[in-house]
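Here are some friendly notes to read alongside the structure. Please keep the 3D view open and find each residue as it comes up.

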Amino acid sequence: MKVLILGATGATGRLVVNQLLLNGHEVNAFLRSGSEEKLAKEIISNPNLYVIPRPVLEMSDKELEKHLEGCGAIISTLGHNLSFRGVYGPPRQLVTDSIQKLTKVIQNRNNSESVRMILMSTVGCKNEDLQETRSFSARCVFFLLRYLLPPHSDNEKAVNYLQSTIGQNHSTIDWVAVRPDTLTNEADISPYAIYASPIHSLFKPGKTSRINVAHFIAELISNKLTWSQWKGQMPVVYNAEFLQ
């Protein structure tokens, strides 16, 4: 499959790119100009990788339609840089605006084939379809995060857009929002488990290695049964060692 990925040079994004290439997919990767050095040499030299050295929000709809040609899936691992400018500067809705722009291009083009869209989100975003609940103290914390930290609000809006606007029965877009808990950096894939909703609380979080998130996202692309199981849902990924 040809896969379009946003956030390809991020800490998780480059692991996703590697997993996709290992599985034999063609990857169109949006990168900021000059960020190619963040990808390993064996990745950047892979013949199945095509680098697009401009972010989605700087491209016209016609340019995006060209890059979407033949793509069966879109993956977003976009995130805000952990700096004052990255958190509070523009674009405040980096993830939401990018997802909305791509979905509108997909809907407006003359192509009836369905596209898979995978959004890497966070366990901090609720699955409203399952009416997930939180404790009063957790609701207070997330209320403050929503108004004090724009990236959290951005993640929530992106998820809400997929749930409420795209929905479960869209004619050309199917989606999954992957929710890791506290992210860790590990070198190798380890046993992990997938749940429909969080089993840990805000105050006693679980952990999820980035490489396991990347492996699961690649499985959603490569394995039809995995995609069928989680389509239209918001699976939560936990490292198995933290479930004991």
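1. Let's begin with Arg-109, which sits in the loop between helix H5 (94–108) and strand E5 (115–120). Please keep in mind that this is a predicted model. Arg-109 is buried, yet it has no salt bridge. Which side chain of opposite charge is nearest to Arg-109? It is that of Glu-65, 6.2 Å away. A salt bridge needs the nitrogen and the carboxyl oxygen within 4 Å, so that pair does not count as one. The side chain of Arg-109 does reach the backbone oxygen of Leu-68, at 3.4 Å.

2. How many salt bridges does a search of the whole structure find? The search gives three. One of them joins the side chains of Arg-54 and Glu-63, with N to O at 2.8 Å. Arg-54 is partly exposed, with a relative accessible area of 31%, and Glu-63 is also partly exposed, at 30%.

3. Next, please look at Glu-132, which forms a salt bridge with Arg-179; their closest N and O atoms are 2.9 Å apart. This pair links distant parts of the chain, 47 residues apart: Glu-132 belongs to the loop between E5 and H6, while Arg-179 belongs to strand E6 (residues 173–180). Are these two residues buried or exposed? Both Glu-132 and Arg-179 are buried.

4. Another salt bridge pairs Glu-156 with Arg-146, and here the closest N and O atoms are 2.7 Å apart. Glu-156 is in helix H7 and Arg-146 in helix H6, so the contact links distant parts of the chain, ten residues apart. The partners differ in cover: Glu-156 counts as buried at 12% relative accessibility, whereas Arg-146 is partly exposed at 29%.

5. Helix H6 also matters for the surface view. A nonpolar patch is formed there by Tyr-88, Phe-143, Leu-144, Tyr-147, Leu-148 and Leu-149, with about 630 Å² of accessible area together. Which element gives the largest share of the patch? Helix H6 (residues 136–148) does, with four residues. Leu-149 lies in the loop between H6 and helix H7 (150–166), and it counts as partly exposed at 33% relative accessibility.

6. Now for the cysteines. A disulfide is a covalent bond between the sulfur atoms of two cysteines. How many disulfides are counted here? The count comes to zero. Why is Cys-125 not in a disulfide? The closest cysteine sulfur, in Cys-140, is 18 Å from the sulfur of Cys-125, too far for a bond. Seen from the other side, Cys-140 has Cys-125 as its closest cysteine partner by sulfur, again at 18 Å and too far for a bond. Their surroundings can be compared too: Cys-125 is buried, with a relative accessible area of 1%, while Cys-140 is partly exposed, with 34%.

7. Finally, here is a residue to help you find your way around. Lys-38 lies in the loop between strand E2 (26–30) and helix H2 (41–44). Lys-38 counts as partly exposed, at 48% relative accessibility. How far is the C-alpha atom of Lys-38 from that of Val-123? The two C-alpha atoms are separated by 26 Å, and the residues are 85 apart along the chain.

How values were computed: Residues are numbered from 1 along each chain as its sequence is written. This is a predicted model: local features need pLDDT of at least 70, side-chain atom pairs count only at pLDDT 80 or more; totals for chains, interfaces and linings use all residues. Side-chain values use heavy atoms; hydrogens and water are left out. A disulfide is a pair of cysteine sulfur atoms within 2.5 Å. Buried means under 20% relative accessible area, exposed over 50%, partly exposed in between (1.4 Å probe, protein chains only). Patches are made of residues with over 30% relative accessible area and no salt bridge: like charges are joined within 9 Å, nonpolar side chains (Val, Leu, Ile, Met, Phe, Trp, Tyr) within 5 Å. Accessible areas come from the Shrake-Rupley method with a 1.4 Å probe; for residues, only the protein chains shown count as cover. Helices (H or I, at least four residues) and strands (E, at least two) are DSSP runs, numbered from the N terminus. Lys and Arg count as positive and Asp and Glu as negative; His and the chain ends are not counted. A polar contact is a pair of N or O atoms within 3.5 Å; within protein, one must be able to donate a hydrogen and the other to accept it, and residues adjacent in sequence count only if both atoms are side-chain atoms.
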